[in-house]
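Reader: I should like to learn how to read the features of a protein model. May we work through one example together?

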Amino acid sequence: MNSKSVLAAVVATVCLASVTAAAGTATAGGPPSFAAGPAFGFVPSRNANHANRANERGHVSLLAWYGGPVMHSTTVVPVFWGSSWNNSVLTDDKITGLDSLYSGVGGTSYAHTNSEYYDGSGPVNTSSISKATKDLTDYSATPSGAPSTAQVLAEVAKATNNAPVPNAYYPVYSDQPRGNAGYCAWHSSGTIGGTRVQFGFFFNLDNDPGCDPGAPTNLGHSQGLSALANVSGHELSEMLTDPQLNAWYDQKGSENSDKCAWTFSGTVSIGGQSWKIQGNWSNAAANANSGYANRGCIQTS
């Protein structure tokens with residue numbers, strides 16, 4: 001989905017009208033300053049995406065490099081935010097499932113779909129993706145409605161005691177449903193006390209048909225976990241190829257996962273399990289007309 005234009009109304013709704021939302025001012029003995037960038041890579045609800053994807057038909061726009069960095073080593077630190085996460089049922093289902101996904105994704109043929117994108121230091125390293133030893137949890141109430149990137153980055157600062165792992169990726173999982181928000185998730189980048197981090201935001205997608213990939217029940221995952229896994233793959237892939245929002249996207253602003261949102265070609269194997277996760281855009285596949293959707297979508301490489 002084109003997060004620069006098609007979802008402009010959504011951006012305005014979540015108070016992301018400016019390129020950088022600054023929050024906090026460093027004072028002697030006080031908390032460090034932090035600054036959050038805009039939200040990119042929105043995973044739109046299926047209905048919202050249908051109209052946008054139609055615009056791809058008959059015209060192929062390749063991703064271009066705009067000079068920014070890609071990820072050469074990635075540490076993923078999931079953050080679970082909200083009082084509902086203090087529940088053993090959720091822990092055994094979603095937290096355990098997402099931990100398995102992030103722990104096993106490095107070096108997979110699914111992750112390798114991001115490997116053709118590069119910066120001046122070389123291509124994305126899709127093998128060096130690791131999950132932190134410990135998840136972060138915060139059982140305080142999440143904001144009602146759609147939070148801004150500044151609010152989500154503030155939560156990362158809080159969860160890390162203002163000492164995040166430099167250049168790590170912090171996907172923040174809310175226990176709140178999306179309500180009338182037109183999207184399921186997004187990713188962004190920012191700084192906490194001068195330390196660069198990447199982060200993402202995910203609604204609770206239980207019983208949400210607009211964000212449901214329709215995974216087969218025989219895969220052994222709950223509907224809510226399957227929905228989170230799909231959009232988590234979307235945002236992780238975009239974070240790898242466009243971590244600071246200035247690397248790889250097309251002329252409309254769509255990143256590699258945006259161009260293949262809600263398109264599938266079977267399942268992918270991650271952590272010894274099968275998952276229904278969308279594919280990613282490949283310029284090489286598009287040039288060879290070998291992709292399974294829009295000429296350039298691939299699910300494994």
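Author: Let us begin with a strand. Seven of the nine residues of β11 are buried, so this strand is largely enclosed by the rest of the structure. Buried means under 20% relative accessible area, exposed means over 50%, and partly exposed lies in between, with a 1.4 Å probe and protein chains only. Helices (H or I, at least four residues) and strands (E, at least two) are DSSP runs, numbered from the N terminus.

Reader: What should I know about the model itself before going on?

Author: This is a predicted model, in which local features need pLDDT of at least 70, side-chain atom pairs count only at pLDDT 80 or more, and totals for chains, interfaces and linings use all residues. Residues are numbered from 1 along each chain as its sequence is written, and side-chain values use heavy atoms, with hydrogens and water left out.

Reader: Is Q176 of β11 buried or partly exposed?

Author: Q176 lies in β11, which covers residues 169–177. Its relative accessible area is 33%, so Q176 is partly exposed. Q176 and D206 are 30 residues apart in sequence, and their C-alpha atoms are 9.6 Å apart in space.

Reader: Which strands pair with β11?

Author: Two strands pair if DSSP finds at least two bridges between them. Strand β6 (residues 79–81) pairs with β11 in the parallel sense over three bridges, and V79 has V172 in β11 as its bridge partner. β11 is also joined to β13 by six bridges, and these two strands run parallel. There, Y170 has F199 of β13 as its bridge partner.

Reader: How does one describe the surroundings of β12?

Author: In a regular strand the side chains alternate between the two faces of the sheet. Nine of the 10 residues of β12 (residues 183–192) are buried, so β12 is largely enclosed by the rest of the structure. Strand β2 (residues 34–36) runs antiparallel to β12 and is joined to it by three bridges, with A35 opposite T191. Strand β3 (residues 40–44) is likewise antiparallel to β12, again with three bridges, and F40 stands opposite H187.

Reader: What links β12 to β13?

Author: The two strands form a hairpin with two residues between them, and G193 in the turn has a positive phi of about 60°. Their antiparallel pairing extends over eight bridges, and S189 has Q198 in β13 as its bridge partner.

Reader: Which residues that are not glycine have a positive phi?

Author: Most residues other than glycine have a negative phi, and most peptide bonds are trans. N167 is not a glycine, yet has a positive phi of about 65°. N167 is found in the loop between α4 and β11 and is partly exposed at 31% relative accessibility. N207, also not a glycine, has a positive phi of about 55°. N207 is found in the loop between β13 and α5 and counts as exposed at 71% relative accessibility. In addition, N161, just after α4, takes a positive phi of about 55°.

Reader: Why is α4 described as largely enclosed?

Author: Eight of the 11 residues of α4 (residues 149–159) are buried, so the helix is largely enclosed by the rest of the structure. Among them are T149, V152, L153 and E155.

Reader: How is the form of a helix such as α3 read?

Author: The expected span of a helix is 1.5 Å times one less than its number of residues. α3 has 17 residues and reaches 23 Å from its first C-alpha to its last, close to the 24 Å expected. The bend at a residue is the angle between axes fitted to the seven residues ending there and the seven starting there. In α3 there is a kink of about 25°, centred on I95. Buried residues of α3 include I95, L101 and Y102.

Reader: Which elements each supply at least two residues of the lining of the second largest cavity?

Author: Rolling a probe the size of a water molecule over the atoms shows where empty space is left. On a 1 Å grid over the protein atoms alone, a cavity is a set of points where a 1.4 Å probe fits but cannot get out, and lining residues have an atom within 4 Å of a point. α3 (88–104) and α5 (223–241) each supply at least two residues of this lining, and α5 gives the most, with three. The lining residues include L101, Y102, S232 and I277. S232 lies in α5 and is buried, with a relative accessible area of 0%.

Note on methods:
1 Å grid on protein atoms, 1.4 Å probe; cavity = no way out; pocket = protein on both sides within 12 Å on 5 of 7 lines; lining within 4 Å.
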